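Work through the following exercises with the sequence and the model side by side. Each task is followed by a solution that proceeds in steps.

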Amino acid sequence: MPVPTSPPKMSAPIDAVQVRDFFSRPARVAPSDFLRREVSARMHERLELVKITPHRVLDAGCGPGADLAQLQKDYPAAQIIGLDAAQAMMQAARAPASKLASLNQFLSKLLPAKAGVDLLCGDLGDLPLAQGSIDLVWSNLALHWHAQPDRVFAEWRRALRLDGLLMFSCFGPDTFREVRDAFAEADLYPHALPFVDMHDFGDMLVETGFSTPVLDMEIITVTYDTAEKLLADVRAFGGNPLTTRRRGLMGKAAWQRMLAALEKTRRPDGKLGLSFEVIYGHAFRPAPRVTRNGEAIIRFDLPRKPK
């Protein structure tokens, strides 16, 4: 696996077991799916601008599989692989995948390469896939739950074929800022992830060997009538999986201070706003510039012979 030249970077002290346990309950995550569908649609708009014909596509962090059907629709001749660390999500993804079974069987008879949807359980930073076996890595709002995003990028690069495309989305630092500020009025514990900055992701992509990375971001604000519904959605998005999180229950007085601080953020229309900084990125795996022995590879085009 290609590794960065610098020591592995931790995005935050994320408890991987806590993340896996949380996403092992798909019903608890389901209320937050509205934003994943919106971000997925915006990612597809970007993907339409890139002219590729992949034979094998990886949906890294596929969750219950909502993106698998769209990827299969976009690339009907491709094998679509859904991967998630939570076994329960794999079970949930089998239902939409099974609806494509008859189409998959029909395509397999017509096409020389395997077409269809396959599911794998595995870690984003340790893919159970061969080197250079994927043409397109797609990942929608999953990267920020991994403690070592540079390791994930290195694995995605390893799995991609030459000139393969990576396209991902994830949360940035301003996500949940209203909740983070409100809880700061209650105690000194962290109550939300300190999400990685877009520019740091760009540096990681370059360090792990991707070429021409392009990143941009936007703020999406979701509004709520009550603090209870807002906080319920924060929990549905994954809550607080930090190892440094508060272990015991917050006292009543501290909870009321947090709620009062949150209420002060009400907008002129009377709604409470919750910010999501969504980072979009894409990059290609370039051809190597040196051999395994460290010798430089120089490419040039020979002049064409006159006809």
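A residue counts as buried when its relative accessible area is under 20%, and as exposed when that area is over 50%. The model is a predicted one.

**Exercise 1. Two residues with positive phi**

Task: Establish where Phe176 and Asp163 lie, and decide for each whether it is buried or exposed.

Solution. Begin with the location of Phe176, which is found in the loop between E5 and H8. Its relative accessibility is 1%, and because this is under 20%, Phe176 counts as buried. As to the backbone, the phi of Phe176 is near 65°, a positive value in a residue other than glycine. Most residues other than glycine have a negative phi. Turn next to Asp163, which is found in strand E5, residues 160-171, and which has a positive phi of about 70° although it is not a glycine. Asp163 has a relative accessibility of 57%, and because this is over 50%, it counts as exposed.

**Exercise 2. The setting of Asp233**

Task: Determine which element holds Asp233, whether Asp233 is buried or exposed, and which residues it touches beyond four places in sequence.

Solution. The residue is placed in helix H10, which covers residues 227-236. With a relative accessibility of 3%, Asp233 counts as buried. Leaving out residues up to four places away in sequence, Asp233 touches Pro31, Phe34 and Tyr224. For Pro31, the separation along the chain is 202 residues, whereas the C-alpha atoms of Asp233 and Pro31 are separated by 6.8 Å.

**Exercise 3. Helix H3**

Task: Compare the expected span of H3 with the distance between its end C-alpha atoms, and list its buried residues.

Solution. H3 has 15 residues, and at 1.5 Å a residue it should span 21 Å. The expected span is taken as 1.5 Å times one less than the number of residues. The end C-alpha atoms of H3 are 21 Å apart, so the expected span and this distance agree. The buried residues of the helix are Leu35, Arg36, Val39, Ser40, Met43, His44 and Leu47. In reading such a list it helps to recall that an α-helix has 3.6 residues a turn, so residues three or four places apart point the same way.

**Exercise 4. The largest pocket**

Task: Describe the volume of the largest pocket and the residues of its lining.

Solution. The volume of the largest pocket is about 640 Å³. Its lining comprises 33 residues, and those nearest the centre are Phe23, Gly61, Asp84, Ala142 and Trp145. Two or more lining residues come from each of H1, H2, H3, H4 and strand E2. By class, the lining residues divide into 19 nonpolar, six polar and eight charged.

**Exercise 5. The second largest pocket and His191**

Task: Identify the element that gives the largest share of the lining of the second largest pocket, and then describe the surroundings of His191.

Solution. The second largest pocket has a volume of about 550 Å³. Among its 20 lining residues, Phe183, His191, Arg235, Asn240 and Arg246 are the closest to its centre. H1, H8 and H10 each give two or more residues to this lining, and the largest share, three residues, comes from H10. His191 itself is found in the loop between H8 and H9, and with a relative accessible area of 17% it is buried. The side chains of His191 and Asp187 are joined by a polar contact of 2.9 Å. Apart from neighbours within four places in sequence, His191 is in contact with Phe183, Asn240 and Met250.

Conventions: Residues numbered from 1 in each chain as written. Predicted model: local features only at pLDDT ≥ 70, side-chain atom pairs only at ≥ 80, totals over all residues. Heavy atoms only, no water. Helix = DSSP H or I, 4+ residues; strand = E, 2+ residues; numbered from the N terminus. Buried < 20%, exposed > 50% of the residue type's maximum accessible area, 1.4 Å probe, protein only. Contact = heavy atoms within 4.5 Å. 1 Å grid on protein atoms, 1.4 Å probe; cavity = no way out; pocket = protein on both sides within 12 Å on 5 of 7 lines; lining within 4 Å. Points joined across faces, edges and corners; volume = space filled by probe spheres on them. Nonpolar A, V, L, I, M, F, W, Y, C, P; charged D, E, K, R; others polar. Polar contact = N/O pair within 3.5 Å; in protein donor to acceptor, adjacent residues only side chain to side chain.
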